Amino acid sequence: MTPDDDPAAVDRPAAVTPDVHPAAVDRPVAVLANPTAGRGRHRRLLPEVLDRLSAGGHPVRVLEAYTRGQAEAACREAVADGAAALVAVGGDGTVHVALQAVAGTRVPFGAVPAGTGNDFAVETGFPADPLTAVDTIATALRDGRSRPVDLARITTATGERRWFGAVLAAGFDAIVNERANRMRWPRGPRRYDLAILVELARLRPRRYTLRLDGETHELDAALVAVGNCASYGGGMRICPDADPTDGLLDVVVGGRFNRRMLIREKPNIYHGTHIHHPLVRSYRARTVEIAAPDITTYADGERCLPLPITITATPAALHILLP
């Protein structure tokens, strides 16, 4: 039975003791590898990653995919076919794709941090060095051990569902990402920088309706983030107290910031000290409903679902390959 089948599951805190999952050695470990993650700087490591992963005692199969849709379908097929584990080699975007297949199942998951942003992998305990992470995953595979962590489940009014592991952005950062995705020029990081400048010039607080475990808050805000983990964007600790094993979501809201205040406060997010700003409010809840006009959310750095949405903390929805 998965957390989707058991409504009471969302109310149970996740255990932090290791699971033991003996698996037939002939079952393959499916690997989703993104060669462009981290601007390709870890591409040359993939053969060694696969070689070290085979020390876990299972055959290793690289999933063939050229688009995000193909990657998600390949992960789902591998899980349905009885993969011994699913391993994502890349950043948070690669992890996000893989999570859609393993969330709510007993198939263990490993994250090899090889992207620009590796927040979920690092926050859940995988070593930051890719090869060290692979060795850790191989040891867990060999010993048949994993650890449960929470995920967040997103549901729209029409019933569409997605999962995320780190942070969902529903404010200024999401608006900037949406702007950058619509731009055709310039290419690379400069496009994101230009999108920031454009949206800073247009900055205005939006009217949000938040329902936190049934309690309604009507507020104006520039920043809204919901965290299963503490950080996003490569180490920005937007929800610094979030814990992916406590069965709860952290919600951080930045109120009526103007351009100058937002620029000044942005560096503090890397340290998590922005939560002490008088315009910032923090909440904690099992279920978070968010509504606001004309905002598409971004989860784990990936374009996700438009508001309104409901986000539910789902304890032990994922079993990560850590000894």
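"Exposed" here means over 50% relative accessible area, and "buried" means under 20%. These legends all describe a predicted model.

**View 1. A80, a residue of helix 2, out on the exposed side of the cut-off.** Helix 2 covers residues 68–80, and A80 is found in it. With a relative accessible area of 67%, A80 counts as exposed because the cut-off is over 50%. For a sense of distance, take A80 and D26: they are 54 residues apart in sequence, and their C-alpha atoms sit 16 Å apart in space.

**View 2. A88 and the residues around it in strand 4 and beyond.** Now for a buried alanine. A88 belongs to strand 4, which runs over residues 85–90. Its relative accessible area is just 1%, so A88 is buried. Skipping neighbours within four places in sequence, A88 is in contact with L32, T94, V95, A98, F109, G110, A111 and V112. C75 is 13 residues from A88 in sequence, and the C-alpha to C-alpha distance between the two is 9.7 Å.

**View 3. The largest nonpolar core, with L318 picked out.** This core has 75 residues, and L86, F109, F120 and L318 have the most contacts inside it. Helix 3 (residues 92–102) gives the most to this core, chipping in six residues. A second core lies apart from it, made up of 28 residues that include A170, V288, I290 and A299. Back to L318: if you ignore residues up to four places away in sequence, L318 touches L99, V102, F109, F120, R147, P148, V149 and L151.

**View 4. Two residues with positive phi, D300 and A316, neither of them a glycine.** D300 has a phi of about 55°, and A316 also has a phi of about 55°. Where do they sit? D300 is in the loop between strand 15 (296–299) and strand 16, whereas A316 lies in strand 17. As for burial, D300 is buried at a relative accessible area of 6%, while A316 is partly exposed at 26%.

**View 5. The cis peptide bond between L307 and P308.** If you're checking backbone torsions, look at this one: omega for the L307–P308 bond is about 5°. P308 lies in the loop linking strand 16 (302–306) to strand 17 (309–320).

How values were computed
Residues are numbered from 1 along each chain as its sequence is written. This is a predicted model: local features need pLDDT of at least 70, side-chain atom pairs count only at pLDDT 80 or more; totals for chains, interfaces and linings use all residues. Side-chain values use heavy atoms; hydrogens and water are left out. Helices (H or I, at least four residues) and strands (E, at least two) are DSSP runs, numbered from the N terminus. Buried means under 20% relative accessible area, exposed over 50%, partly exposed in between (1.4 Å probe, protein chains only). A nonpolar core is a set of buried Ala, Val, Leu, Ile, Met, Phe, Trp, Tyr and Cys residues joined through side-chain atoms within 4.5 Å. Contact means heavy atoms within 4.5 Å.
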